[in-house]
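Colleague: Could you take me through this model, and tell me each time what a term rests on?

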2 protein chains.
Amino acid sequence: MPNKPATIKDIAKALKVSISTVSKALHNHPNIGAITKERVLAMAKQLDYTPNITAIQFKQQKTFTLGIIVPTLLDHFYIHAVNGFEEVASKAHYTVLIGQNQESLQREKELVSVMQGNRIDGLLIAMSKETSNLDHLRKLERAGIPVMFFARKPVNETYSCVSSDVYHAAKDAVDLFVSRGHQRIAIINGPSHWTTSRDRYLGYRDGLLKNGLSPDQELICESDLTTTDNYKVLRKLMRLTDPPTAMLLFKDYLMLDIMTCLRTEFPNRYLITELIGYGALPLFSHFERPPLASLKEQPFQIGVKAGSLLLDMIKNPHQSRKPKLISLPCKLHYFKEL
Amino acid sequence: MPNKPATIKDIAKALKVSISTVSKALHNHPNIGAITKERVLAMAKQLDYTPNITAIQFKQQKTFTLGIIVPTLLDHFYIHAVNGFEEVASKAHYTVLIGQNQESLQREKELVSVMQGNRIDGLLIAMSKETSNLDHLRKLERAGIPVMFFARKPVNETYSCVSSDVYHAAKDAVDLFVSRGHQRIAIINGPSHWTTSRDRYLGYRDGLLKNGLSPDQELICESDLTTTDNYKVLRKLMRLTDPPTAMLLFKDYLMLDIMTCLRTEFPNRYLITELIGYGALPLFSHFERPPLASLKEQPFQIGVKAGSLLLDMIKNPHQSRKPKLISLPCKLHYFKEL
DNA sequence: TTGTAAGCGTTATCAA
DNA sequence: TTGATAACGCTTACAA
């Protein structure tokens, strides 16, 4: 027998006061009598009153809902980012809608449209691999809904973005490789139209130069991050006359493929090739032979930072909107004793 | 310059018709003129009209939002379940709110409260490990919000639940162990107050009996699924005078701990002990020495099934509400060539 | 076939 | 300090 939840009207009736009095009492409005306020609060409790959020959302023309779109939740990086985002959001009494674009632009557009339909107050997004045209996001901004990027951002676009400082991380990785005697250091990067790929490359290049090595075109690779392509890229590298003995990898998930391909197809190179990826997946602690190291990012903190910036943009909609580019440091995480 | 979205009022004004005419035209209401309807639809498109969901939710006293609470999104089982759930939900034009209880009853209560505040129309939940008292869920049901369980359900409670058929899966695992010559087969189970643990045990027991083996109390263990406890349980098993040579494990995540502990602390038992868990984690394909097998569940289908049952309950709120217990088959997945 | 008007729960403006 | 009332956008019973 689901009985209807109590409304301020019910409280007003029970107390024989007006609904505006009740509303004010419930909101600590300045000009309200102390005793009246007490009575209202008591009656609210007695009737188990919960404000009807749908009514408030409707009235305020504001949903207190934020959207976050990630490529997939199967990547723990994004889970942690979502969790950080939710933490700041819920502290500010916002609810979070989560969407996965599954690396499909089509799906991403649908998500944006559904979220816009749900009247989100702001959006945080890590675009799909297919996303190069940003019209669906511009449409949001035109409707007054601020958009912030994280992890992935298109090159040559002036949006705000929070990501990892992959540049310095790449330099650190190269330093470690060189200190271990490596000369032939390859990089397998992600899509080149993302700033996060470009920055990895720049860090890699500057790391080499700093150590007196010159970048070799045949050691600079790009994968679309599918297993097929990961394997293809590795095979090409291994068939060079002078194959690399060290590789910097865009992601630990890519590293998994590389390790397996190395082990099964190039067993003689397996033990002499050292790897560093991004992500520091905890599962490597269960490996008999873990990779050399990984660049540990701070996805939770990225979510937190992006969330608070987004909330700022929502609070101050008429700000100058100078795009902010924030990057949080990575840390080299060793899986092996050095 | 965020201009306000168009409303049916704007359409009505532009066309000099009444708002109810517009509303009806937009909803294919039977008695509406074909030409009027055309004009309305055209104008709606021209003004880029999007219905204001907050107004509809408010008016209909229905949010078209479902909640799903999982222990953690870091477990891929729950991601797939969420995805299945979202699929049926979005087909029925429902939005999904996702919450993680992080195995904390306190957190779970807060989530339920927030979701109730957001006026969800139904909830799907896999309770936290701490949840034994279901008052917070009963409160939801009393408010007319149907609740459905999945994956985990308390013993002795008459709620509907969709889960894996872990009973037959356990029997299959025992069969495989026996066929490979094992006599000392242990089980490390999850919390005993869940039906999913009890059913695993029953399948394990019946599997042994069926194969002419009798259950041995010292081989029947329970872990709270923390790494500490997982290690503790394994050490106890390995120190028996006649340790098991095969183990059925509650989850693949538990299996990871068991494998690592075996390898590092009991290397002489590592190669002779065969393991089967639940989950069939894809990452095992990257292992040099993967476990024997895993019982592959169907989390996506579980989400789908639970979602459609929940939608049924929402559509027919005055049904008899006989709790339904559904379990979907698992399949033995071999990591090694047999 | 189309229009009028009430009402959903809340907030806010203005009057008492 | 309190109360009456309009408004938010939409659906719907009923009237025209």
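The conversation below takes up the symmetry, the DNA strands, two helices and a few single residues.

Modeller: Before we start, this is a predicted model, in which local features need pLDDT of at least 70, side-chain atom pairs count only at pLDDT 80 or more, and totals for chains, interfaces and linings use all residues. Residues are numbered from 1 along each chain as its sequence is written, chains are lettered from A and ligands numbered from 1 in the order in which they are written, and side-chain values use heavy atoms, with hydrogens and water left out.

Colleague: Thanks! What rotation superposes chain A on chain B?

Modeller: A rotation of 180 degrees, with 0.1 Å of shift along its axis, brings chain A onto chain B at an RMSD of 0.2 Å. This is the relation of a two-fold axis. The same surface serves both copies, as 100% of the contact residues of chain A recur in chain B. The superposition is by least squares on the C-alpha atoms of residues with pLDDT of at least 70 in both copies, and contact means heavy atoms within 4.5 Å.

Colleague: Which residues are the closest to DNA strand D, and how many surround it?

Modeller: DNA strand D is surrounded by 27 residues, the closest being Thr21(A), Lys24(A), Gly33(A), Thr36(A) and Ile8(B). A residue is near a strand if one of its heavy atoms lies within 4 Å of it. The residues of this surface are 10 nonpolar, 13 polar and 4 charged. Here Ala, Val, Leu, Ile, Met, Phe, Trp, Tyr, Cys and Pro count as nonpolar, Asp, Glu, Lys and Arg as charged, and the others, Gly among them, as polar. With 5 residues, α4(B) gives the most to the surface near DNA strand D.

Colleague: What makes Tyr49(B) a polar partner of a phosphate oxygen of DNA strand D?

Modeller: An N or O atom in the side chain of Tyr49(B) is 2.7 Å from that phosphate oxygen. A polar contact is a pair of N or O atoms within 3.5 Å; within protein, one must be able to donate a hydrogen and the other to accept it, and residues adjacent in sequence count only if both atoms are side-chain atoms. The Tyr49(B) pair therefore meets the cut-off. A polar backbone atom of Asn52(B) lies 3.3 Å from a phosphate oxygen of DNA strand D. A base is reached too: a polar side-chain atom of Ser20(A) is 3.1 Å from a base nitrogen of DNA strand D.

Colleague: And what lies around DNA strand C?

Modeller: 27 residues surround DNA strand C, and the closest are Ser20(B), Thr21(B), Lys24(B), Thr36(B) and Lys59(B). Of the atoms of DNA strand C that come within 4 Å of the protein, 54% are sugar and phosphate. An N or O atom in the side chain of Thr21(B) is 2.4 Å from a phosphate oxygen of DNA strand C, while a polar side-chain atom of Lys59(A) lies 3.0 Å from a base oxygen. The largest share of the surface near DNA strand C, 5 residues, comes from α4(A).

Colleague: How do you know that the span of helix α9 of chain A agrees with its number of residues?

Modeller: Helices (H or I, at least four residues) and strands (E, at least two) are DSSP runs, numbered from the N terminus. The expected span is 1.5 Å times one less than the number of residues. The 16 residues of α9 (195-210) of chain A should therefore span 22 Å, and the end C-alpha atoms are 22 Å apart, which agrees. Helix α10 (227-238) of chain A, with 12 residues, reaches 16 Å, close to the 16 Å expected. After α9(A) comes Gly212(A), with a positive phi near 75 degrees.

Colleague: Why is Ser197(B) called buried?

Modeller: Buried means under 20% relative accessible area, exposed over 50%, and partly exposed in between (1.4 Å probe, protein chains only). Ser197(B) has 1% relative accessibility, so it counts as buried. Ser197(B) sits in helix α9 of chain B, and a polar atom of its side chain lies 3.2 Å from the backbone oxygen of Gly190(B). Beyond neighbours within four places in sequence, the contacts of Ser197(B) include Asn189(B), Pro191(B) and Phe250(B).

Colleague: Is Asn28(A) buried or exposed?

Modeller: Asn28(A) has a relative accessible area of 53%, so it is exposed. Asn28(A) is in the loop between α2 and α3 of chain A, and its phi is positive, near 55 degrees, in a residue other than glycine. Glu103(B), not a glycine either, has a positive phi of about 60 degrees.
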